[in-house]
Each structure stands twice: as C-alpha cells, then as structure tokens.
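Got your viewer open? Take the stops in order, selecting what each one names before you read on.

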Amino acid sequence: RRVHGGITSVKMLKSAALRQVLQQSVNNGVKSAIVVNPEGSLVAAVGEDKSSKTVGAVLSNIWNDYDDTGRTFMGATDMKVLMFECEDGKIAVTRSSKLILCLYADNTVEFGLLKLKLEKLSSYLEEPFKRIFG
C-alpha cells in the first residue's frame, strides 16, 4: 500500500488479463488452468472444470503437504513441479511467486508437454505475481 497526498493506492491483480493469459494454455488437451493462493483460495480459473474452487483448494493442500514433507524429511529446499495421473486426466502443479498454478489435461497429453506448458506459464507470470504479492 502506498499513500500519495491522502490517497491510498493498492496494487491489484487484473483478473481479466490473468484469465486471458491462462486461456492461452488451455488447448491441445489441456482442459483448465487454475491459480490459487497458498491457503487454497481461488485467484483465477479458466477452462472446462466447473469445480475449480474445490479443485484449487485440494491441489493447494497437496502441494503444501508434499513441499513440507520434502523440506522436513529429505532436506529439499524448493519443490519445482508436482505431477500426477488421475482416472480422468493429468494434473501438473507448481509455484509461481507465492501463488500455486495448476494445469489439468486429458490423458492424451504427455507429461513432458504438460510440464513444459506449466513451466512457461509460470515463468511468464512470475514477475507480475511478485510485484503484486511480494
């Protein structure tokens, strides 16, 4: 927060612009893109999945649990990507600044391609997220 002559300005996330960026990754078998904060609250979502709020919260918990376990038991300092296969598709999760970014794809998408898309998207969003969320 900054104060200029009694007027307070707050850095804000332009949700429409974020959704446009996320939408670019939703193609060729990638069905949805979700951004949540570390507590699991939905920041933005695009794509087919109508339960993004719930999925985002669950993925945030999974990410945080794996990240904490890695730090505690394996001395890992920074988990990069978490990927898993479900009955209905594949999921890739990473951290971009302080937010958690998730891509959900159908089973035809190879893990390597899903990871590459996730890493490119995360890299693109890292700086804007840092400016807003620190």
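**Stop 1: facing residues**

Select Val93 and Cys102: Val93 stands opposite Cys102, which sits in strand 7. Before you go further, keep in mind that you're looking at a predicted model.

Now widen the selection to residues 99–105, which make up strand 7. Strand 7 runs antiparallel to strand 6, and 7 bridges join the two. What links these strands in the chain? They form a hairpin, with 2 residues between them. Click on Ser97 in that turn: its phi is positive, at about 60°.

**Stop 2: the other side of the pairing**

Next, pick out residues 81–85, which is strand 5. How many bridges pair strand 5 with strand 6? There are 5, and the pairing is again in the antiparallel sense. To see one facing couple, select Glu85 and Lys90: Glu85 stands opposite Lys90 of strand 6. Then follow the chain from strand 5 to strand 6, and you'll pass through a hairpin of 4 residues.

**Stop 3: strand 6 itself**

Select residues 90–96 and turn on the surface for everything else. Is strand 6 largely enclosed or largely open? Buried means under 20% relative accessible area. Of the 7 residues in strand 6, 6 are buried, so the strand is largely enclosed by the rest of the structure.

**Stop 4: over to a helix**

Finally, jump to residues 15–23, helix 1, and find Ala16 there. Ala16 is partly exposed, with a relative accessible area of 46%. Add Ala44 to your selection and draw a C-alpha to C-alpha distance: it comes to 9.0 Å, although Ala16 and Ala44 are 28 residues apart in sequence.

How values were computed: Residues numbered from 1 in each chain as written. Predicted model: local features only at pLDDT ≥ 70, side-chain atom pairs only at ≥ 80, totals over all residues. Heavy atoms only, no water. Buried < 20%, exposed > 50% of the residue type's maximum accessible area, 1.4 Å probe, protein only. Pairing = 2+ DSSP bridges.
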